[in-house]
Amino acid sequence: MRCEPATGTRYHDIPLDPGAFSTGLAALARSVAGRVDNEGALRDHCRSRVLESALALRLLERVPAATEPVNLHALRAFLTDHTTSPDGLDRVLADLALGTHAALPDEAIEAVLDHAPEFTRGRKRALLHGLVRLLAATTDDSRAELESSPGAFDLRGLHPWAKTQVTAVKVVLAATSGRIDLVTETDVNRLKRTQRHRGIWEGNVLIHLWVLHALAYLPGTEPEIADGITRLAPHQRPDGGIPFITDTDTWTTVTGGIALATVGGLESTCAALREHVLRQQKPDGGWSVTDTAEVTDVDDISVALQFLHLTGDPAVRGAVESGWRALADVAGEEGGYPTYVKGAPSEASMTVAALDALTLQPLRHREALRRGLNFVVEQQRPDGSFPPDWSSSRWHTIFRAVLMATRPGLPPVPGTDQMVRKAVDLALSTQHPDGGWGQQDGDRSDPVSTAYGLITVCGTQPDPQPAAAAASYLLAHQRPDGTLPTKPDVIGPRPFVFYVPLVADIFCLLSLAHLHQRTNHHHTVPAQAGHPQTRTDRMDRRGP
């Protein structure tokens with residue numbers, strides 16, 4: 001059902017001022033380009049989060065001799081501020097850490113699990129029970145959790161981050177249930193290995209904290225814990241809190257590079273970004289979410305390939321070939337793609353990302369595209385959406401699926417056109433009176449979800465008004481410096497949301513660049529992850 005008010009302005013009555021559009025697009029492009037540092041990277045810190053802050057406070061209370069590097073007063077103040085948070089889970093976690101709440105309600109646990117992908121729920125349930133054991137500072141019997149969810153501790157098909165987190169949760173639950181005998185030497189060694197790095201292992205502060213908590217139950221680990229707290233301290237944010245990860249600098253660089261290249265006229269900036277992206281390619285041919293991590297993922301590989309192609313530099317051919325191999329190495333037997341490692345469950349969001357990269361050379365990758373399209377079509381829900389991904393906004397996978405499925409040169413796959421139509425119909429039927437979209441049905445409009453929605457409707461249906469109204473919504477929320485305030489939507493671990501403000505600006509810029517391409521070059525295929533080429537160019541290209 002279309003969301004419209006009983007009286008007053010409706011989204012299809014909202015005009016788009018061409019002058020304001022050009023000015024707003026230019027301001028946002030300048031803001032993003034101005035964030036490129038002298039190494040050619042687009043950097044922004046991850047902001048504080050209650051989950052990590054609560055774990056950090058409890059850890060420092062468990063090992064008070066090691067608290068000196070961290071500002072405990074500021075940490076407690078951050079958590080106290082969140083005891084009145086509109087987010088119910090944040091309120092409970094803050095209360096647990098401050099000792100004013102004794103348990104995590106069952107309904108809160110179920111709410112978290114309802115928003116997690118099905119194949120992760122066993123691990124998430126164990127994580128939540130372990131979290132209660134730590135924050136409530138209890139030694140309640142966790143034996144039932146250990147015995148009833150053996151699959152939650154199965155490491156097969158997991159990437160290194162997940163293996164380490166699962167191991168740490170297992171140690172916590174074992175120790176608090178009097179079953180420390182379940183902890184193996186392999187478990188201990190896996191945890192200790194993460195502490196042999198100069199910084200935070202893989203840039204993942206949450207896993208770092210889980211590891212330190214687990215080690216605190218084991219004898220002879222005091223040096224590792226003290227050193228780990230010392231390495232945590234530099235990441236305490238000005239508001240006193242602790243972030244989920246240090247940053248997403250590789251992700252912001254490749255996605256920002258695509259947005260800036262799509263706007264055009266920023267060749268020297270994109271050249272600097274390109275050189276940084278090439279330096280960040282890992283030995284397996286892939287890219288990770290941050291410069292300090294080694295674990296590569298399908299999303300970063302896919303978008304890095306698209307950005308490198310956009311630069312038009314023939315010198316990137318070798319890096320791109322290695323990237324193709326990295327994608328092929330993790331492809332699932334059914335044609336889909338997981339996030340991290342071969343053998344893990346394939347996901348719609350990762351599959352559309354990979355396929356969109358493969359459309360750079362559609363003839364070469366014809367069979368992979370055919371099998372992947374079949375997988376995506378089968379993953380779509382009746383309402384046009386897709387299963388949960390790494391965003392709390394349902395429009396994230398939708399806009400990427402629509403773009404991928406409307407690229408020229410794709411092999412014919414039954415159901416593809418219907419998939420696009422269902423997704424676009426969902427966007428058109430749920431656009432809000434203010435021109436925007438919210439993360440989920442019933443949520444208020446926010447800039448990032450609106451950016452995703454704008455790209456979805458930009459070139460897939462004849463009526464220009466939905467895109468114009470969405471762009472007007474974004475421009476109305478733009479700050480004087482060109483940036484946009486928005487509701488965080490990036491998730492990790494699923495379904496916990498974290499916030500890197502630059503990511504929002506990048507996707508808002510990308511959406512406006514789409515509309516700019518569409519209105520100024522009507523023959524141009526809309527570009528997500530780039531590709532601002534004519535239909536003929538897209539059909540004939542042979543890749544970088």
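1. Terms for the fold. Helices (H or I, at least four residues) and strands (E, at least two) are DSSP runs, numbered from the N terminus. By that rule proline 495 sits in the loop between S3 and S4. The protein has 23 helices and four strands.

2. Basis of the note. This is a predicted model, in which local features need pLDDT of at least 70, side-chain atom pairs count only at pLDDT 80 or more, and totals for chains, interfaces and linings use all residues. Residues are numbered from 1 along each chain as its sequence is written, and side-chain values use heavy atoms, with hydrogens and water left out.

3. Overall form. The C-alpha trace spans about 65 × 55 × 45 Å along its principal axes. The radius of gyration is 23 Å, which agrees with the value near 24 Å for a compact globule of 544 residues. That radius is taken over C-alpha atoms, and the globule rule is 2.2 Å times the number of residues to the power 0.38.

4. Burial and surface. Buried residues make up 60% of the 544 residues. Buried means under 20% relative accessible area, exposed over 50%, and partly exposed in between (1.4 Å probe, protein chains only). The protein exposes about 21200 Å², and carbon and sulfur atoms supply 52% of it. Areas come from the Shrake-Rupley method with a 1.4 Å probe; for residues, only the protein chains shown count as cover.

5. Contacts. A contact means heavy atoms within 4.5 Å. Among contacts with a separation of 6 or more, 70% join residues 24 or more positions apart.

6. Helix H16. H16 covers residues 348-358, and eleven of its eleven residues are buried. Among them are Met350, Asp356 and Leu358. The cover includes helix H14 (298-311), helix H15 (317-330), H17 and H18.

7. Valine 376. This residue lies in helix H17 (residues 366-379). Valine 376 is buried, with a relative accessible area of 0%. Leaving aside neighbours within four places in sequence, its contacts are Thr351, Val352, Leu355, Phe386, Met404 and Met419. Valine 352 is 24 residues away in sequence and 7.2 Å away in space, C-alpha to C-alpha.

8. Aromatic pairs. The structure holds eight of them. Rings of Phe, Tyr and Trp (its six-membered ring) pair if their centres lie within 6.5 Å; planes under 30 degrees apart count as stacked, over 60 as edge-to-face and the rest as tilted. Tryptophan 251 and phenylalanine 507 make a tilted pair, 6.5 Å centre to centre with 40° between the planes. Tryptophan 251 is in helix H12 (residues 249-263) and phenylalanine 507 in helix H22 (residues 501-520), so the pair ties together parts 256 residues apart in sequence. Both residues are buried.

9. A second tilted pair. Tryptophan 395 and tryptophan 437 are 6.1 Å apart, centre to centre, with 55° between the planes. Tryptophan 395 lies in helix H18 (residues 395-405) and tryptophan 437 in the loop between helix H19 (416-430) and helix H20 (447-458), so this pair links parts 42 residues apart in sequence. Tryptophan 395 and tryptophan 437 are buried. Separately, ring pairs link Trp251, Phe399, Tyr452 and Phe507 into a cluster.

10. Charges over rings. A charge sits over a ring if NZ of Lys or CZ of Arg is within 6 Å of the ring centre and within 35 degrees of the ring normal. Arginine 62 places its charged end over the ring of tyrosine 217, 4.1 Å from the centre. Arginine 494 does so over tryptophan 390, at 3.8 Å.

11. Backbone points to check. Most residues other than glycine have a negative phi, and most peptide bonds are trans. Glycine 492 and proline 493 are joined by a cis peptide bond, with omega about -20°. The bond from arginine 494 to proline 495 is also cis, with omega near 10°. Proline 493 is in the loop between strand S3 (490-491) and strand S4 (497-498). Glutamate 202 has a positive phi, near 60°. Its place is the loop between helix H9 (185-193) and helix H10 (205-215), and at 8% relative accessibility glutamate 202 counts as buried.

12. Cysteines. How many disulfides does a search of the whole structure find? Zero, where a disulfide is a pair of cysteine sulfur atoms within 2.5 Å. The sulfur nearest to that of cysteine 270 belongs to cysteine 508, 18 Å away. For cysteine 458 the closest is also in cysteine 508, at 14 Å, too far for a bond.
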